[in-house]
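Good morning, everyone, and thank you for making the time. I would like to talk through one model today, beginning with how confident the predictor is and then turning to a sheet.

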Amino acid sequence: MRRLLAALLLMLSLLPALAVQPDEVLPDPALEARARSLSTELRCLICQSQSIDDSDATIARDLRILIRERLKAGDSDAEVKAFLVDRYGEYVLLRPTFAWHTLLLWAAAPLVLLIGVVLSFGLFRRRRIAEPAALTAEEERRVEALLARDD
Amino acid sequence: MIVELGHYALVLALALSIAGAALPLCGALVGDRRLMAIASPVSIALFAFVAASFAALTHAYLVSDFSVRNVVENSHSMKPLIFKISGVWGNHEGSMLLWVLILALFGALVAAFGNNLPMRLKALVLAVQSMIGTAFLLFILTTSNPFLRLVPAPVEGNDLNPVLQDIGLAIHPPLLYLGYVGCSISFAFAIAALIDGRIDAAWARWVRPWTLTAWIFLTLGIAMGSYWAYYELGWGGWWFWDPVENASFMPWLAATALLHSAVVMEKRDALKVWTILLAILTFSLSLLGTFLVRSGVLTSVHAFATDPTRGIFILIILCLFIGGSFSLFALRAGTLAQGGLFAPISREGSLVLNNLLLTAACATVLVGTLYPLALEALTGEKISVGAPFFDMTFGPLMVPLLIAVPFGPFLAWKRGDLLAACQRLFAAFAAVLLTIGVGLVFAGPSKALTFFGIALAVWLLVGSLSEFAFRIKLFRAPLGESFRRARGLPRAAFGMTLAHGGLGLTVLGIIASTTWNTETITTMKPGESVTIGSRIVTLDGFLPVSGGTYSGTAARFTVREGGTTVATLAPEKRLYQVQNMPTTESAIHSFGLSQLYISLGDVKADGTTVVRIYFKVMILLIWLGAIVMALGGALSLSDRRLRVGAPKPARAGAAVAAE
């Protein structure tokens, strides 16, 4: 049953894609622009990796109309998002919130970068010490003697 | 009968690959030359048998043999010839067979052209290839057999998913698999080196052409997939950060890093352990990609043909190979001798920076792709990680990398002079300032970010050309002298200039098409027009269309500029009858590097239709840049230095030449 459902959902997401419909567009261009940019941050819940801005699924259309209604009612972008998260859970956000359960997600790249930087600095430092400090006074004398012989 | 022969050939291929894995390995371990010597003929025979098997399946598709389950499920007698052929790999079983075919092909290529490899190394490399082959042949034969018969045979097939009935399917998967699976060779070389406990600059020179080959195909495959999604999925996007796209992008990032670190190893005998690790990582990410796509663990726009029950098998393969190779690495990496010394500001240092940023970028894509799966499995919480996340985390890593690209080639090995590099990049600095200046004057400070992006692309383009110009002493010596120098340059030098310049073109295309993309969504009736910039787009009317297994409606649009018709476009709405699935076929017309993109919504009875018209400025540069990058790779591959067995160039000038 779950697979059948998944297959059906997949079919839905593959329906001819034509996202924002002309009748949805708000007359106020500033508000519409906000609606569009919000739409790209929100997931079409039944699609895979599609924002409601890209998707033509019914739920995506409903959500697009919903956020436009909230914006008209004077909600801020954050309030619109909070409203949708209350309703559909964090799954609706394409950019996860920064919280304990997403700490590793957000920290991954900086962490790898940090480890990499530390490792490569270690590489240079170890080598710098190893390189010049090697000659003892005895060796210096021998080097000079060898150089003198060449002349 | 032919189907059974194909099936039998596949079973024989499994037997051969087991022999090819076990015997040369034993031979290499005990030092038996006869056992090592069988690696090459076995690898070539393995390829022959897998190819025969693949040909048998293709034949079943060509003659529409509906007694074969796989053909029934994915083909139709009315399907055009090209889609009958591409349908062979447009499904799970067939695509796995293609995967193994390409694996065997690479093994056979090493066997045939690796004559100058030390016998032991060659035997070990081919044994590792055969091990991978054994695992995947077992997988195909036990869980994904394409040769199963169906009794009674239906009279007609179920047709292929309409989205896949496209020339894109004929090209994209083979290219991508050549890239994915091609990474197995550098992996096999790395494992062989670890078993052998010996690795030197010669190893890097042998491994680089194979990595480069895989990288070229991977680049083309990803670009092709992106263009396919762009025109097929109908909303004008070209990259979605979809897990399946990420699955192909991660090996690309790792392979790019590997290409650069292998240069350091070849030239300076340094970064050995890291290069080995990268070679293992790159193929591990390819395997991970295969797992993600083929196991059905993610269902996404790409995952048309998946079966979750097979996931466990691939997961076991994944664990065996990744776990095994990392264990071997942990055991043996310490024994590898460290190589040449270098200062932080040097050619090596710049390549370390390249590796650092590419690895971090790869890590963010990896974590972003797997995190939602892991979180849901562990805590049951469902989160989404989509484009906005990747834009935020991937972008900031790319900016310093792109800024650093032109510096690298101007820094000397061991100890570089950053100030001198800056002086030589004078023209690039000037071009950047000019770009930002023009942007501020004509577009105002509100567009500052855009012009920063454009300036970055200009920096890459002029910076890569500067290096080339510097090397041939353009404008500093008579033109004849410059020409003579250009002819004397190794092809790898041209290759690097092209690859870095291609990157600049892609960046330019990305920035320009996202910033100046115009989008018009409206309802139109026949006879009505809309104005897109300087052009007028008129809907003339509708025509019925049909072909293969579909029928539908095409809308005819005429584009006029200053009264003359400059283009006609015919986007379609199709219904594939067998699968009862509607699709939209967008219509695209290129104006120079920019494209006009029209896709249709539902057509009402009175002829009113919703129309989406995009004008994508310079969007072709995105893919053109990738092609230029691949071309650079190909040119570099043809350099005689990289040709397997070519003697090391002794000229001092050539040492400056490489990336």
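Since this is a predicted model, let me start with pLDDT, which is the predictor's confidence in each residue, on a scale from 0 to 100. Chain B averages a pLDDT of 88, and 95% of its residues score at least 70. For the model as a whole, the scores are ipTM 0.81 and pTM 0.89.

Within chain B, which elements have the highest and the lowest mean pLDDT? The highest, at 96, belongs to helix α3 of chain B, residues 39–62, while the lowest, at 39, belongs to helix α21 of chain B, residues 652–657. Two stretches of chain B deserve caution: over residues 300–305 pLDDT stays under 50, and the model has 22 contacts there beyond four places in sequence, and over residues 644–659 pLDDT likewise stays under 50, with 23 such contacts in the model.

Now to the sheet. Four strands of chain B make up an open sheet, in the order β1-β10-β9-β8, and their pairing is antiparallel. Why does one side of β1 and of β8 in chain B have no neighbour in the sheet? Both strands, β1 at 518–524 and β8 at 587–591, stand at the edges and have a single partner strand each, so one side of each is left without a neighbour. From one strand to the next, the twist averages 15°.

Looking at one of these edges, β8(B) runs antiparallel to β9 of chain B, residues 594–603, and is joined to that strand by 5 bridges. Among the residues involved, H589(B) has L596(B), in β9(B), as its bridge partner.

How values were computed. Residues numbered from 1 in each chain as written. Chains lettered and ligands numbered in written order. Predicted model: local features only at pLDDT ≥ 70, side-chain atom pairs only at ≥ 80, totals over all residues. Pairing = 2+ DSSP bridges. Helix = DSSP H or I, 4+ residues; strand = E, 2+ residues; numbered from the N terminus. Axes fitted to C-alpha atoms, helices over the stretch in contact; angles between N-to-C directions. Contact = placed C-beta atoms within 7 Å.
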